[in-house]
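Okay, thanks everyone, let me get the model up on the screen. I'll start with a backbone oddity and then zoom out.

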Amino acid sequence: MIKNADDSNVNGTDFKDGAVPTYTFRLSTYGDSNVTNPQFIIMIPKGFIATTADFSTLTNTQGTDIFSDGGFAGPYNGTSTIKELGNYGPNGEQLFMITLTGATPTWGNNFGAQVKLTLDANAKGVVSYNVYGTPRVSEVSNYAIANGTSSYGGGSYTFNVNGQAIEVVKNSTGINNQQDSINYILNNTVELPQFTGTASFGNLNSSGAFVSGNSINYTSNTPQSQIPALSVRLSTFGNSTVNNPQFIVMIPKGFTSSVNDFSLIDKDIGNYFGGVFNGSNQYSTSNYSIEDLGKVGPNGEQLFKIQLNFNPGWDAAKNFGGQFKLTLDPTQTGIYSYGSNGVPIVSELASDATATAGTYTFVANGQNIVVVKSGTSSDINYAINTKLIPTFTGTAILDANGKTYSGDSVPTYSFRLSTTGESTVQNPKFIVMIPDGFTATTDDFSFDTGGYSGAASVKELGNYGPNGEQLFEVSLTGTTPNFTTNSVMGSVKLSPNFNGKTGGSHTYSNATGPLVAEVSNYSNTTYGTYTFNTSDGAITVVKSPQTVNWTDPSNQAANSSGSVTYTIQVGKEQLPTTAYAISNIKVTPVAGETSSDAGYEQLVFSITPKQTLQDGQYIDVHLGLPDSNGNIENYDSKLAANLPLMTPNGVQIATAYNMGTYYRIVFNSEEAAYTSGNNKLTLNPILRWENPQSQQLSISTNQSSTNTTNLGKIYVYQYTDDESKFDTF
């Protein structure tokens with residue numbers, strides 16, 4: 001028992017000018033025991049000293065009086081010896097060993113003593129003890145077991161005495177006969193704690209989850225129920241000798257409050273502060289006072305001063321949680337933000353706490369108010385009557401470039417929903433397009449929202465991509481996701497959808513319909529727009545700087561020419577050259593009419609089958625120079641879309657598929673009727689290869705007799721990167 005001389009609690013007492021507390025202890029055990037001559041360790045509180053002569057035994061009457069409510073039953077029927085061990089406590093406290101001669105001090109045989117303390121006039125500091133730390137009274141572990149586990153203040157502890165380890169067991173009610181803590185001051189020590197307070201800007205929803213008020217544009221039409229509250233946690237860390245600490249709270253610009261609009265947070269306190277709050281917040285108006293200092297912030301913000309009659313310590317679990325109901329001033333217009341580097345929303349007077357995160361000086365009514373800031377940031381940002389639209393920076397991650405798919409093979413497909421720039425956008429919507437040749441359902445979507453506080457939902461819109469691709473609408477609840485802080489990552493499990501329409505080569509880039517885009521209402525159009533036409537009307541979306549495979553925007557600049565190209569395999573069996581005849585071959589070079597029109601070669605020829613053709617049989621058509629290895633160096637690289645090949649009476653019997661660098665003519669089941677027996681239908685496909693870089697194509701457009709340089713010459717092609725060897729032989 002450590003008490004003031006008047007038997008009051010020592011917490012906060014400044015022991016000076018020789019004043020000392022009373023220090024008494026009881027040695028007792030519980031349960032059957034055959035232990036004899038047990039040993040105990042007594043630790044003298046820091047800042048005080050004693051000798052063996054300062055120990056005296058309590059009578060049963062004294063013990064019963066000191067350890068009230070039946071907390072003592074003695075006296076001990078044996079003898080005791082006391083030995084000083086030295087200053088081996090964790091902070092240099094004196095240790096004494098008491099050895100009882102006789103049985104263990106069970107109930108009815110308790111041993112009680114008091115120690116006359118002397119104040120060390122040179123000692124300084126704020127001292128605190130609790131049952132979870134070093135014990136003031138303990139028993140050597142050879143003679144007893146602990147009362148309670150370490151998580152409840154019991155368990156064991158080891159003193160190191162002159163190089164020898166002495167393990168002791170503890171009692172979970174070892175301070176003032178309860179699970180308690182004490183603190184006191186030595187010789188006028190002034191000790192300031194660290195200010196660790198913070199603020200939040202928002203409300204709790206019906207489920208008790210915090211909903212931030214950040215990144216919202218507030219107007220006169222905003223319902224009061226959607227106006228955020230300003231909640232503050234007043235807290236400190238470390239010992240404190242401060243009485244009646246004072247704190248400054250600044251109301252964000254464009255909002256006002258009043259003394260009557262301030263209240264204690266009565267439930268789910270930690271939810272306002274990311275789950276970080278230590279204490280029950282069971283206070284009343286007698287524990288604090290609040291004063292309106294007026295609109296004296298640096299931009300006319302309203303300031304309040306809160307004074308507590310206790311230190312809202314962290315270790316003592318005495319955090320204070322209060323809340324200001326805010327009222328919007330709709331006459332304000334602008335964008336506002338507060339953070340750790342600027343004016344603090346919540347702070348403590350510099351006279352009451354240490355400056356671990358810098359200081360700030362408010363000027364209120366001609367008086368300087370110096371405060372210390374907290375290392376726990378209170379980031380707040382919003383707008384009033386000012387809408388802020390961000391830039392979309394999302395992308396699709398499609399691992400398919402250069403690959404060919406058939407059977408059950410599918411690529412991995414994911415996407416990032418993100419923006420950059422200030423934003424007041426709420427509940428944004430995005431369009432995710434499934435790559436051609438594949439399909440998915442809403443159940444195939446999954447999300448990793450990371451630091452994003454909202455939720456994602458998916459709705460299928462139908463096959464309204466430029467080539468009939470599936471479209472899905474992804475809706476987020478909350479603010480727009482920022483790529484540096486809270487991007488939303490999604491993935492889609494694809495299934496193959498290989499058919500006559502989806503075969504061939506497919507390319508996606510900024511020049512095509514975007515795989516991932518944001519609906520134009522929610523983002524600016526810096527990088528262009530695209531319109532999907534659905535059964536519910538046109539949906540205009542905005543593109544990002546790189547719509548596909550922009551994997552690391554923080555370290556990798558966008559590449560607007562980034563693209564992905566893959567092929568869906570078509571055809572079952574290549575026809576031998578003996579199965580058909582090719583005739584009437586003609587290549588017509590055509591220059592683009594303007595600089596924006598690509599030049600191209602047009603190939604026209606006739607195919608006459610020599611046998612009955614079957615579904616899936618095909619012919620590959622290349623246009624270029626063959627080399628000695630049988631490879632083709634294409635004249636130009638951009639092919640037209642898949643082309644249906646029809647009979648004169650309008651029946652489609654084949655498709656010329658764009659395979660990236662060549663066409664594959666694949667016959668279907670209708671072909672047999674036109675190639676069996678005496679039916680030898682001739683097809684006359686018209687195919688085109690473009691030069692996407694220029695209106696000039698790669699072969700001469702002069703195909704007349706005046707072209708004496710190369711017209712009608714025979715060429716042998718061999719690749720070389722030595723331009724000096726470019727020639728005609």
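So, this is a predicted model, and I want to begin at S215. This serine is buried, at 17% relative accessible area, because the cut-off for buried is under 20%. S215 sits in the loop that links β18 (210-212) to β19 (217-218). And here's the odd bit: S215 isn't a glycine, yet its phi is positive, about 60 degrees. Just as background, most residues other than glycine have a negative phi, and most peptide bonds are trans.

There's another one like that to look at. A317, also not a glycine, has a positive phi of about 55 degrees. You'll find A317 in the loop between β26 (303-308) and β27 (320-324). So is A317 buried or exposed, or something in between? With 32% relative accessibility, A317 counts as partly exposed.

While we're on backbone geometry, scroll back to the G74 to P75 peptide bond. That bond is cis, and omega comes out near 5 degrees. P75 is in the loop between α1 (60-66) and β7 (79-86).

Now a side chain I like: Q546. Which loop holds Q546? That would be the one between β49 (537-542) and β50 (563-568). Q546 is at 4% relative accessibility, so it counts as buried. What does the side chain of Q546 reach at 2.7 Å? The backbone nitrogen of N559. If you skip neighbours within four places in sequence, the contacts of Q546 include Q556, A557, A558, N559 and G562, and also G394, T395 and N510.

Okay, zooming out. By secondary structure, we've got 2 helices and 61 strands. The C-alpha trace spans about 130 × 70 × 55 Å along its principal axes. The radius of gyration is 42 Å, whereas a compact globule of 729 residues would be near 27 Å. Buried residues account for 45% of the 729. If you take contacts between residues at least 6 apart in sequence, 73% of them join residues at least 24 apart.

Last thing, the surface and the charges. The protein exposes about 34700 Å², with 45% of that coming from carbon and sulfur atoms. On charges, count 34 positive side chains and 55 negative ones; the centres of those two sets are 2 Å apart.

That's my tour, happy to spin the model around for anyone.

Notes
Residues numbered from 1 in each chain as written. Predicted model: local features only at pLDDT ≥ 70, side-chain atom pairs only at ≥ 80, totals over all residues. Heavy atoms only, no water. Helix = DSSP H or I, 4+ residues; strand = E, 2+ residues; numbered from the N terminus. Buried < 20%, exposed > 50% of the residue type's maximum accessible area, 1.4 Å probe, protein only. Polar contact = N/O pair within 3.5 Å; in protein donor to acceptor, adjacent residues only side chain to side chain. Contact = heavy atoms within 4.5 Å. Rg over C-alpha atoms; globule rule 2.2 N^0.38 Å. Areas by Shrake-Rupley, 256 points an atom, 1.4 Å probe, with all protein chains shown as cover. Lys, Arg positive; Asp, Glu negative; His and termini not counted. Charge placed at Lys NZ, Arg CZ, Asp CG, Glu CD.
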